[in-house]
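Trainee: Can we go through this one together? I'd like to see how each label gets earned.

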Amino acid sequence: MAWVLKMDEVIESGLAHDFDASLSGIGQELGASAYSMSDVLALPIFKQEDSSLPPDSETKHPPFQYVMCAATSPAVKLHDETLTYLNQGQSYEIRMLDNRKMGDMPEISGKLVKSIIRVVFHDRRLQYTEHQQLEGWKWNRPGDRLLDLDIPMSVGVIDIKTNPSQLNAVEFLWDPGKRTSAFIQVHCISTEFTPRKHGGEKGVPFRIQVDTFKQTENGEYTDHLHSASCQIKVFKPKGADRKQKTDREKMEKRTAHEKEKYQPSYDTTILSECSPWPDTPTAFVNNSPTPTPTFTSAQHSTYSVPDSNSSSPNHQGDGTSQGSGDQLQPSATIQETQQWLLKHRFSTYTRLFSNFSGADLLKLTREDLVQICGPADGIRLYNALKSRSVRPRLTIYVCQEPLRSIQLERQQDATNGDNSNGAIYVYHAIYLEEMAASEVTRKLALVFNIPLHQINQVYRQGPTGIHILVSDQMVQNFQDESCFLVTTIKAENGEGFHIILK
């Protein structure tokens with residue numbers, strides 16, 4: 001029994017010695033080297049948990065990061081996007097940072113990339129009417145731009161370009177391997193795009209978006225690399241500082257529990273990743289022209305509305321060029337719908353209706369189009385879709401007099417004019433939008449397939465066969481739906497023709 005107790009004492013003393021040694025070893029390791037969290041995570045106890053996390057290679061790592069040197073608002077709730085207040089016309093730095101890991105995108109190392117900075121609408125409703133909103137701003141502020149680059153303060157930017165037709169964007173080249181900062185100035189304020197001026201708090205939010213592209217094999221910067229944006233509101237000078245101070249004071253009055261529901265204010269604004277802006281980067285001056293979409297040629301002859309150059313919208317088969325027509329058919333494909341929009345001067349909305357077929361576009365009501373395109377273009381597009389052509393101011397009917405009829409007329413000059421030659425007279429309708437002699441000449445040339453430059457004069461046969469020059473005043477006194485026989489005679493000098501209306 002004593003022997004057993006002795007063995008227990010030996011075992012306990014040995015265990016105590018081993019435990020002390022292990023503790024001393026841990027102390028020596030901690031004192032000898034820095035603490036490494038990765039070593040702890042490598043322990044077997046963490047192996048099972050760590051296996052459920054995605055590996056580093058699967059985590060998306062953006063190649064660039066853009067940081068705007070402006071404080072974020074403290075009055076933004078958790079999980080909401082940050083909001084930054086800017087002063088109108090003040091220069092704000094956007095740092096263009098290379099965020100690539102070692103070995104990422106080696107093709108752009110030592111090469112320039114192109115970035116386009118835009119100020120756009122945050123509200124989707126205003127995005128649909130962006131063109132009209134910007135045109136209205138341009139009308140009220142002639143010669144101004146919504147966004148400018150402060151070139152003297154900017155660092156590392158090369159080949160800066162601005163497009164007069166895109167007042168809300170600037171572009172430049174820069175080297176990711178060098179320090180680059182672009183100082184921007186926003187000249188529009190948020191309240192300029194609200195129905196009523198409520199002050200800065202009620203203004204619409206904007207977005208600052210940066211899109212970066214690399215150079216392709218053909219030398220154009222069209223290969224998209226990265227896009228990021230942030231939400232802003234723009235105030236009149238000093239207004240952003242006052243708004244920031246007001247938000248800070250409101251937060252200080254809240255309880256500690258309420259403050260936990262809001263984000264802290266940061267000194268800088270980090271632009272978060274987003275989808276690239278739909279516009280192509282080749283739309284700027286001095287670049288290659290914007291490539292136009294390739295459309296399938298619409299060869300259908302099922303249109304009933306005339307082209308603006310057509311003299312007779314209801315006449316077909318007369319040998320004149322009537323065009324392919326203007327009416328959009330429900331069976332039109334997406335490509336044909338895009339072509340129809342371009343032809344009718346709705347190129348601004350081709351991107352908006354990029355997935356619309358003819359049937360989709362025709363289903364939209366007048367209210368839908370006004371809300372999407374604005375009052376002016378919405379009504380114009382609705383009228384174009386419903387084939388509401390302009391009513392002509394004057395309609396006349398013309399027929400080319402056959403040569404046989406002319407000979408018989410000379411033989412029967414003494415009769416009552418009732419010809420019995422059996423000739424069939426086919427008349428063509430001419431619709432005049434302008435009460436002018438030049439409009440008559442142009443429409444006659446189209447109807448009878450005569451080059452316009454070969455028509456010297458147009459006369460009207462008067463009493464006793466005299467020839468009266470057709471003038472604007474004579475056209476204005478034509479009776480509606482008058483009928484004329486048309487004769488062409490060679491000019492005296494042998495060059496061109498004269499046309500006589502009988």
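Mentor: Sure, and keep in mind that this is a predicted model. Let's start with the lining of the largest cavity, where strand E4 (113–121) and helix H5 (130–140) each supply at least two residues.

Trainee: Which residues make up that lining?

Mentor: The lining consists of Val119, Val120, Phe121, Glu130, Leu134, Leu146, Asn168 and Phe206. E4 gives the largest share, 3 residues.

Trainee: What makes a residue count as part of the lining?

Mentor: An atom within 4 Å of a cavity point. Phe206 is one of the residues that line the largest cavity, so Phe206 has an atom within that cut-off.

Trainee: How does the lining break down by class?

Mentor: There are 6 nonpolar residues, 1 polar and 1 charged. Glu130 is in the lining, and Glu counts as charged, so Glu130 belongs to that class. Asn168 also lines the cavity; Asn falls among the others, so Asn168 is polar.

Trainee: How many cavities of 30 Å³ or more turn up in the whole structure?

Mentor: The search finds 1. About 40 Å³ of space lies in the largest cavity.

Trainee: On to charges. Why is the contact between Asp148 and Arg145 called a salt bridge?

Mentor: The N to O distance between their side chains is 3.4 Å. The rule asks for a Lys or Arg nitrogen within 4 Å of an Asp or Glu carboxyl oxygen, so the pair qualifies.

Trainee: What makes Arg145 buried or exposed?

Mentor: Arg145 has 13% relative accessibility, and buried means under 20%, so Arg145 is buried. Asp148 has a relative accessible area of 23%, which lies between 20% and 50%, so Asp148 is partly exposed.

Trainee: How do you know that Lys161 and Asp159 form a salt bridge?

Mentor: Their closest N and O atoms are 3.7 Å apart. That is within 4 Å, so the label holds. Lys161 is buried at 11% relative accessibility, whereas Asp159, at 41%, is partly exposed.

Trainee: Where does Lys161 find its bridge partner in E7?

Mentor: That partner is Glu171. Strand E6 (residues 158–163) and strand E7 (residues 166–174) run antiparallel and are joined by 3 bridges.

Trainee: Why do E6 and E7 count as paired strands?

Mentor: Pairing needs at least two bridges, and E6 and E7 have 3, so they pass. They form a hairpin with 2 residues between them.

Trainee: What about Asp247 and Lys243, why is that a salt bridge?

Mentor: Their side chains meet at 3.4 Å, N to O, which is within 4 Å, so the rule is met. Because Asp247 and Lys243 are 4 residues apart in helix H6 (residues 239–252), about one helical turn separates them.

Trainee: And how do you know whether Asp247 and Lys243 are buried or exposed?

Mentor: Asp247 has 3% relative accessibility and Lys243 has 12%. The limit for buried is under 20%, so both count as buried.

Trainee: Which residues are linked in a network of salt bridges?

Mentor: Glu107, Lys214 and Asp223. The count of salt bridges comes to 13.

Trainee: What does the protein chain look like overall?

Mentor: The chain has 14 helices and 18 strands. Of its 502 residues, 39% count as buried. For contacts with a separation of 6 or more, 68% come from residues 24 or more positions apart.

Definitions and conventions:
Residues numbered from 1 in each chain as written. Predicted model: local features only at pLDDT ≥ 70, side-chain atom pairs only at ≥ 80, totals over all residues. Heavy atoms only, no water. Buried < 20%, exposed > 50% of the residue type's maximum accessible area, 1.4 Å probe, protein only. 1 Å grid on protein atoms, 1.4 Å probe; cavity = no way out; pocket = protein on both sides within 12 Å on 5 of 7 lines; lining within 4 Å. Points joined across faces, edges and corners; volume = space filled by probe spheres on them. Contact = heavy atoms within 4.5 Å.
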